[in-house]
Amino acid sequence: MAGNFLGNFQQEKAHLTEIIKHLLNTGFSPQLCADITRQLPETSDLPTLLQKVRDQIRGMIKTVDAFATFDKGGVFAFIGPTGVCKTTTVAKIAARCVLRYGRNQVTLLTTDTYRIGAQEQLKVIAKILGLPVVSVRDSDDLAAKLKEASKRKIVLLDTAGVGQRDTLMVDQTQLLAKGAANSHRILVMSATTDLRTQEDVIMLHNRADSAEKIKSVIVTKTDEAALVAPILDCLIRYELPLLFISNGQRVPEDLNPPNAQYLAHRAMRPRTMSGESGLASEQIPAVLADNLAQWSKTPS
């Protein structure tokens, strides 16, 4: 069915076939490819079509002004899976907050009691910045520590990195819900993670706490990722605003506000050393098979 559909599609809209293949090879989902393709003009000029695609992607990316977010003050809880450089990201933001608000207005909390050396890493960073760092055991302890830090403008809460399907993730969500109900939940995700896993992370984190949804996202390791389209695809489809882009380990330099125009350009130009990993024309029907209903909405 998918093969027949694509064959008919190629006959009716041959000018879009290369666009579809390009989008799929850059890492966008078939679902978003259908949405993008539906909005393209009737022209066979490939450069024009590619520019229209970039413009669409740029317009779909939601961003958040970091200054406006942190200037309001409050408790900012950084959540996410293991290995996404969450603690390093907290350190970068802490350094920026110290420069903007002063060290007397910033404090660090951590719930990470699982990883060996996790608290020591944060304590070293806090010592360099001249900030207090406090470990939290449970929700009651968190509520008490937040009450003590109520005079400070910014409270940065570094949580333990746990898998989205680990029961510890649910425990941690409940800890935040009971101890810091009004916290601004920021999901930290790696650009090197595949699309399906990213979807899993977003859905399960939102499902774990139906009251407090994810407010914004920080994407790390963009310097390591061959493709950034998968992470942008997830943010677009789940309507999550982007707060920061992290592209290295240096503190605090490698942290930048998101530039939608650059991200759209980068998404369309994957950093890969080989074209052999891309989809061949005969493989495209198999990729589209699960989304035929979405593609059937494309006007003929």
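Let me start with a single residue, Glu199, which counts as buried because its relative accessible area is 13%, and the cut-off for buried is under 20%. Please keep in mind throughout that what we have in front of us is a predicted model. Now, what does Glu199 form with Arg237? The two residues form a salt bridge, in which the closest N and O atoms are 2.3 Å apart. Glu199 belongs to helix 10, which covers residues 195-208, while Arg237 belongs to helix 11, so this pair ties together parts of the chain that are 38 residues apart in sequence.

Staying with helix 11 for a moment, which runs over residues 229-237, we find that the helix is mostly covered, since 8 of its 9 residues are buried. Among the buried ones are Ala229, Pro230 and Ile231 towards the beginning of the list, and also Asp233 and Cys234. Just after this helix, Glu239 takes a positive phi of about 55 degrees.

Let me step back to the whole chain. The protein chain has 14 helices and 8 strands, and of its 300 residues, 51% count as buried. If we take the contacts between residues at least 6 apart in sequence, 78% of them join residues that are at least 24 apart.

Next, the strands. There is an open sheet of 8 strands with mixed pairing, and the order in which the strands lie is 3-2-4-1-5-6-7-8. Which strands are at the edges? They are strand 3 and strand 8, the latter at 255-256, and each of these pairs on one side only.

I would like to look at strand 2 in particular, residues 106-110, where 5 of the 5 residues are buried. In a regular strand, the side chains alternate between the two faces of the sheet. In strand 2 both faces are covered, with Val106, Leu108 and Thr110 buried on one side, and Thr107 and Leu109 buried on the other. Strand 2 pairs with strand 4, residues 154-158, in the parallel sense over 5 bridges, and within that pairing Leu108 stands opposite Leu156. Strand 2 is also joined to strand 3, residues 133-135, by 3 bridges, and these two strands run parallel; here the bridge partner of Leu108 is Val133. Elsewhere in the sheet, strand 6, residues 216-220, and strand 7, residues 242-246, run parallel and are joined by 3 bridges, with Val219 having Ile245 in strand 7 as its bridge partner.

Helix 4, residues 46-60, lets us do a small check by calculation. At 1.5 Å a residue, its 15 residues should span 21 Å, and since the end C-alpha atoms are 21 Å apart, the expectation and the model agree. Where do the buried residues of this helix fall when we look down its axis? They fall within an arc of 95 degrees, so they line one face of the helix. The residues concerned are Leu49, Val53, Gln56 and Ile57, whereas Pro47 and Gly59, on the other side of helix 4, are exposed.

Let me return to salt bridges, of which the count comes to 6. One of them joins Asp71 and Arg100, with the closest N and O atoms 2.9 Å apart. This pair links distant parts of the chain, for Asp71 is in helix 5, residues 66-71, and Arg100 is in helix 6, residues 86-101, which puts them 29 residues apart. Asp71 counts as partly exposed, at 32% relative accessibility, and Arg100, at 44%, also counts as partly exposed.

Another salt bridge brings together the side chains of Arg137 and Asp141, at 3.7 Å from N to O. Are these two residues buried or exposed? Arg137 counts as exposed, with 67% relative accessibility, while Asp141 counts as buried, with 7%. Together with Lys145, these residues are linked in a network of salt bridges.

Finally, the aromatic rings. A pair of aromatic rings is described by the distance of the centres and the angle of the planes. This structure holds 1 aromatic pair. The pair is formed by Phe70 and Phe76, whose ring centres are 4.4 Å apart and whose planes stand at 40 degrees, so the pair is tilted. Both Phe70 and Phe76 are buried.

Key
Residues are numbered from 1 along each chain as its sequence is written. This is a predicted model: local features need pLDDT of at least 70, side-chain atom pairs count only at pLDDT 80 or more; totals for chains, interfaces and linings use all residues. Side-chain values use heavy atoms; hydrogens and water are left out. Rings of Phe, Tyr and Trp (its six-membered ring) pair if their centres lie within 6.5 Å; planes under 30 degrees apart count as stacked, over 60 as edge-to-face and the rest as tilted. Buried means under 20% relative accessible area, exposed over 50%, partly exposed in between (1.4 Å probe, protein chains only). Helices (H or I, at least four residues) and strands (E, at least two) are DSSP runs, numbered from the N terminus. The expected span of a helix is 1.5 Å times one less than its number of residues. The arc is that of the directions from the helix axis to the C-beta atoms. Two strands pair if DSSP finds at least two bridges between them. A salt bridge is a side-chain nitrogen of Lys or Arg within 4 Å of a carboxyl oxygen of Asp or Glu. Contact means heavy atoms within 4.5 Å.
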